[in-house]
Amino acid sequence: MKKKKIISKQNKVKEPQIKDFTRSGLEKKISRQSAELRSKRGQLREGADREKFAQKEIDIRTKAMEFASDCIFIIDAIKSNFPIIYVNPSFFVLTGYLKHEVIGKSYFSLNGFDINLSIAQEIKQALLQGKSFYGEMLNSKKNGDKYWSLLRITPVRDNKGVITHYVGIKTDTTLMKRRDLEIHEQREELLHVTRVGKLAEFVSSLAHEISQPLAAILSYAEADQRILKKMETQLQESFATSKFSKKSEDSMPAQIQAYFPMLQEIIQNIINDDQRATGVIRRLRELLKKNKPTFEPVNINALIKDTVALMMTHITSKNKVINFELDSNLPMIQGDRVQLQQVLLNLISNSLEAMEERPESRDLLIKSFLKDAKTVMVQVRDSGCGIPVENMKKLFSHFFTSKPDGLGMGLSISRSIVEAHGGHLEAENNIDCGATFNFSLPIGIKENV
Amino acid sequence: MPTNIYVVDDDESVCRALRTLLMTFDFDVKTFNSAQSFFENVAGDAPGCLLLDIHMPGMDGWETQKRILDSGSKRPVIFISAEKKDDAAQRALNVGAVGFLQKPVNGQTLVDLINSASKK
């Protein structure tokens, strides 16, 4: 009987047993209550453990946010002025603001450091509409310094889906932006040098083309002058000796005589004006006389990489792939960096154009290797349309171009640059498809011829 | 017997004009558009002075002059070039040429040079 009751007590602890006031009943009550207490204590301990665990979790997450190198901030979305309730240390480091200048302040009032007002407006609209924001912008630090940042703000929702907060992440992109800008500037500079170089070369070729016929005209005029003089003398002689002389006074008629000085004067004017034009052309060529290249030790592989870096966006936008086979043990060569870069730029853009019409040809290969103990070779090999045999001979001459808008100066300039370095620039068609341009550069100091 | 003059210049009109001018001085002038065709048509020992352009496709003036020297020919050579190079005149004399004239050449100057070269 007793045994039975204990069992029931254990099973149904919480069942009220009001009527039992006997001694044994009291004992039962105590033991029941102590069991109850034990169970409560267990529950409490369990709860405390769970809390401890949760606290640890929160600690880790908080620490992670504190140590994150990106700026992280939290905005209270319930309050109408969107106050900032948390920012991590990176935020202070980047912006230069102090804790009390940020915490509790409306996020919109801090939009002051977004320089572009339209972006600030865009962020405000996103927050008011419960949307997220993504964008890159120029900001200003507390001390006025400018920096570029990539900002992402996303809403944080509670279990019911109500937006309670916004979490923002701000990444400092100043360095990346600056590098982009530098690359852009370098490319612009190089293009400018190329354009100016092309123009100078163009004008100088033009000057040569014009000076040849001018030289010819001068010789013709001088020949004319001499023939005229001979003619005058011969006519005078024949008048003096022939039958004409009997009619007049031993000389040719005055009207004919008068033509000779007139013709002589006209021819002299032709000569004078020809010489004037020649002088203009000569001065023009003097003016355009190429600046001597500055020779310095150049690591050709580094130069190749630098040049390709400048063109990478272009290459990628054309959906082409550039491959390298660069011999890492090449000695330095002596050369003018800008000029050699111009040659590479030219060869690579030619290759890209040759592959333009062939979407299936994507590979461009740049090789560098030691040809012999004294010569470094660079090859630019494309998988484009190749060079028609009839164009091979004229390829490097001024004004030769196969492009509708080409000047025909690129390859001729490239060749003269390579030759000024004591090397050779040549082209050949590949066996499979496309063409390879290769140029050699001697190692060590180039002797002036 | 008129002095023979050979003109080698890749520019056709320069050739023709020089021939016209020199004919008024009673020279016998033959013109060639390349050094190659000059060598093919004129024997090394044929008498005459050579007026030689420097910048030409194929064999240029310097190479042409070297080949003449190497062949043992005593042919007088006068370089004529549109290129103004300060050292070209000196270089021309260094490689054994009679002289260097810049285009456009003055007829009398050229003839004086030819005459002095032919007397040597």
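## A loop residue after H8(A)

A:Asn319 sits in the loop between H8 and strand S7 (321-326) of chain A. The model is predicted. A:Asn319 is not a glycine, yet its phi is positive, about 60°. Most residues other than glycine have a negative phi. A:Asn319 follows H8(A). A:Asn319 counts as exposed because 9 other C-beta atoms lie within 10 Å, and the cut-off for exposed is 12 or fewer.

A:Phe82 also has a positive phi, near 50°, and is a residue other than glycine. A:Phe82 belongs to the loop between strand S1 (71-76) and strand S2 (84-87) of chain A. Is A:Phe82 buried or exposed? A:Phe82 is buried, because it has 21 other C-beta atoms within 10 Å and the threshold for buried is 20 or more.

## Helices of chain A

Chain A holds 11 helices and 12 strands. Of its 449 residues, 20% count as buried. Among chain A contacts with a separation of 6 or more, 60% join residues 24 or more positions apart.

Helix H8 covers residues 300-317 of chain A. Its 18 residues should span 26 Å at 1.5 Å a residue, and the end C-alpha atoms are 26 Å apart, so expectation and model agree. H8(A) nevertheless has a kink of about 55°, centred on A:Met311. Buried residues in H8(A) include A:Ile300, A:Ile304, A:Thr307 and A:Leu310.

Helix H9 of chain A (residues 337-356) has 20 residues. From first C-alpha to last, H9(A) reaches 28 Å, close to the 28 Å expected at 1.5 Å a residue. How many residues of H9(A) are buried? The count is 14 of 20, and H9(A) is mostly covered.

## A contact between H7(A) and residues earlier in the chain

A:Ile267 lies in helix H7 (residues 254-287) of chain A. A:Ile267 counts as partly exposed because it has 19 C-beta neighbours inside 10 Å, and buried needs 20 or more.

Leaving out residues up to four places away in sequence, A:Ile267 touches A:Ala221, A:Asp224, A:Gln225 and A:Leu228. A:Asp224 is 43 residues from A:Ile267 along the chain. Their C-alpha atoms are separated by 7.5 Å.

## Fold of chain B

Chain B has 5 helices and 5 strands. From the N terminus, its elements run β-α-β-α-β-α-β-α-β-α. The chain has 120 residues, and buried residues make up 38% of them. Of the chain B contacts with a separation of 6 or more, 57% are between residues 24 or more positions apart. Confidence is given by a mean pLDDT of 89, with 95% of chain B residues at 70 or more.

Which peptide bond in chain B is cis? The bond joining B:Lys103 and B:Pro104 is cis, with omega about 0°. B:Pro104 is in the loop between strand S5 (99-102) and H5 of chain B. Most peptide bonds are trans.

## Nonpolar cores

The largest nonpolar core has 40 residues. B:Ile5, B:Leu51 and B:Phe79 touch the most other members. Chain B gives two or more residues from each of strand S1 (4-8), helix H1 (12-23), strand S2 (28-32), helix H2 (35-41), strand S3 (49-53), strand S4 (77-81) and helix H5 (107-119). Helix H5 (174-241) of chain A does so too. The largest share, 7 residues, comes from H5(A). In soluble globular proteins, nonpolar side chains tend to be buried together.

Setting aside residues up to four places away in sequence, B:Ile5 touches B:Leu22, B:Phe27, B:Asp28, B:Val29, B:Gly48, B:Cys49, B:Leu51 and B:Ile114. Apart from this core lies another, of 23 residues. Its members include A:Ala354, A:Val380, A:Ile413 and A:Phe439.

## Where the chains meet

The contact takes 17 residues from chain A and 13 residues from chain B. On the chain B side, H1(B) gives the largest share, 6 residues. By class, the side of chain B that touches chain A has 6 nonpolar, 4 polar and 3 charged residues.

The model scores ipTM 0.78 and pTM 0.48.

Terms used:
Residues numbered from 1 in each chain as written. Chains lettered and ligands numbered in written order. Predicted model: local features only at pLDDT ≥ 70, side-chain atom pairs only at ≥ 80, totals over all residues. Helix = DSSP H or I, 4+ residues; strand = E, 2+ residues; numbered from the N terminus. Contact = placed C-beta atoms within 7 Å. Expected span 1.5 Å × (residues − 1). Bend = angle between axes of the 7 residues up to and from the residue. Core = buried A, V, L, I, M, F, W, Y, C linked by C-beta atoms within 7 Å. Nonpolar A, V, L, I, M, F, W, Y, C, P; charged D, E, K, R; others polar. pLDDT = per-residue confidence, 0-100.
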